[in-house]
Amino acid sequence: MAFSHKLSPLQSIHYPAITPRKGQNNLTQTQKIDMEIQFQWKPRVLCLHGFRTSAEILRKQIQRWPEPVLRKLDLVFIDAPFPARGRSGIESLFDPPYYEWFQSSKGFTEYYNFDECLAYLEVYMMKHGPFDGLLGFSQGAILSAAFPRMQSEGTALTRVPMIKFLILISGAMFGGIKFGVPKQAANAYSSPIKLPSLHIIGEKDFLKEPGIALLESFQDPFVIYHPNGHVVPRLDDKGEETMLRFVEKIEKLQLQEG
């Protein structure tokens, strides 16, 4: 399988492990297991950037999140397979290079190089995985949101472990208010998606309404609203609390799986 550029180098945010405090030796076995997960296990998250941006740009944006959140996640950032085929909307803010996951017609009714995008991600995940979940912004979030059903139906990511959760920033759905549907994602929202999901929605985002519509496709989604537009926002105290509750849910699911 040939791609437009080589697989990007692994880019991660790592924080030191937390050492248990004194007095934590007299615990039950269940408590010890729980603490072991709390102190050592971190959800490994593959992060998909937005349209005509890059892994490095998304990494810089996510690094502005509170340290208690970043300490809980093992974040890995990957460039999309195709160099940008036009101007980027963030040229005045971030330096190139810029990339895009796939291309579409002007009205977003037809998609091009979608198969190549899926294959590229699968190869990367096989080489650098396993990954527990996906984080996506904008085009990366639209793609991420469709993966759980595509994977369960065997139309994408068939050679890697099942995705366990999603974090979607400025997300939307294929076939929603604004977009057509690639054939591989035709049934992506045919029934409620039951895996944990967290959705970050901007009050001034042009994808606000599609993002709200996307919530209906997920069972018991966590939601963070922010007052800005189409951006990766900083998290205020309430957003940080919601994010930490979401990660706690993922940790508990990991504990149940043993």
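**Rings, charges and cysteines**

Q: What relative accessible area does Phe102 have?
A: Phe102 is buried. Here buried means under 20% relative accessible area, exposed means over 50%, and partly exposed is what's in between (1.4 Å probe, protein chains only). This is a predicted model, where local features need pLDDT of at least 70 and side-chain atom pairs count only at pLDDT 80 or more, while totals for chains, interfaces and linings use all residues. Residues are numbered from 1 along each chain as its sequence is written, and side-chain values use heavy atoms, with hydrogens and water left out. For Phe102, the relative accessible area is 4%.

Q: How many aromatic pairs are there?
A: Rings of Phe, Tyr and Trp (its six-membered ring) pair up if their centres lie within 6.5 Å; planes under 30 degrees apart are stacked, over 60 edge-to-face, and the rest tilted. By that rule, the number of aromatic pairs is seven.

Q: What kind of pair do Phe102 and Phe114 make?
A: Their ring centres sit 5.2 Å apart. The planes are at 70°, so this pair is edge-to-face.

Q: How many residues apart in sequence are the parts that Phe102 and Phe114 tie together?
A: Helices (H or I, at least four residues) and strands (E, at least two) are DSSP runs, numbered from the N terminus. Phe102 is in the loop between β5 (99-100) and β6 (103-104), and Phe114 is in helix α4 (residues 114-128). Phe114 is buried, with a relative accessible area of 4%. The pair therefore ties together parts whose separation in sequence, in residues, is 12.

Q: What kind of pair do Phe222 and Phe246 make?
A: Both Phe222 and Phe246 are buried. Their ring centres are 5.4 Å apart with planes at 70°, so the pair is edge-to-face.

Q: Where does Phe246 lie?
A: Its partner Phe222 is in strand β11 (residues 222-226). The two parts they tie together are 24 residues apart in sequence, and Phe246 lies in helix α7 (residues 237-257).

Q: Which residues form one aromatic cluster with Phe102?
A: Phe102 has company beyond a single partner. The other members of its cluster are Tyr111, Phe114 and Phe174.

Q: How many salt bridges are there?
A: A salt bridge is a side-chain nitrogen of Lys or Arg within 4 Å of a carboxyl oxygen of Asp or Glu. Asp132, Lys164 and Glu257, for instance, are linked in a network of them. The count of salt bridges comes to 12.

Q: Which residue forms a salt bridge with Arg52?
A: Arg52 is in the loop between β2 (44-48) and α2 (55-62), and its partner is 48 residues apart from it, in strand β5. Both residues are buried. The closest N and O atoms are 2.8 Å apart, and the partner is Glu100.

Q: Which helix holds both Glu56 and Arg59?
A: Their side chains meet in a salt bridge (2.3 Å, N to O). Glu56 is partly exposed at 28%, whereas Arg59 counts as buried at 18%. They are three residues apart, about one turn of the helix, and both lie in helix α2.

Q: How many disulfides does a search of the whole structure find?
A: The test for a disulfide is a pair of cysteine sulfur atoms within 2.5 Å. Cysteines do turn up, including Cys47, buried at 1% relative accessibility, and Cys117, buried at 0%. Still, the number of disulfides found is zero.
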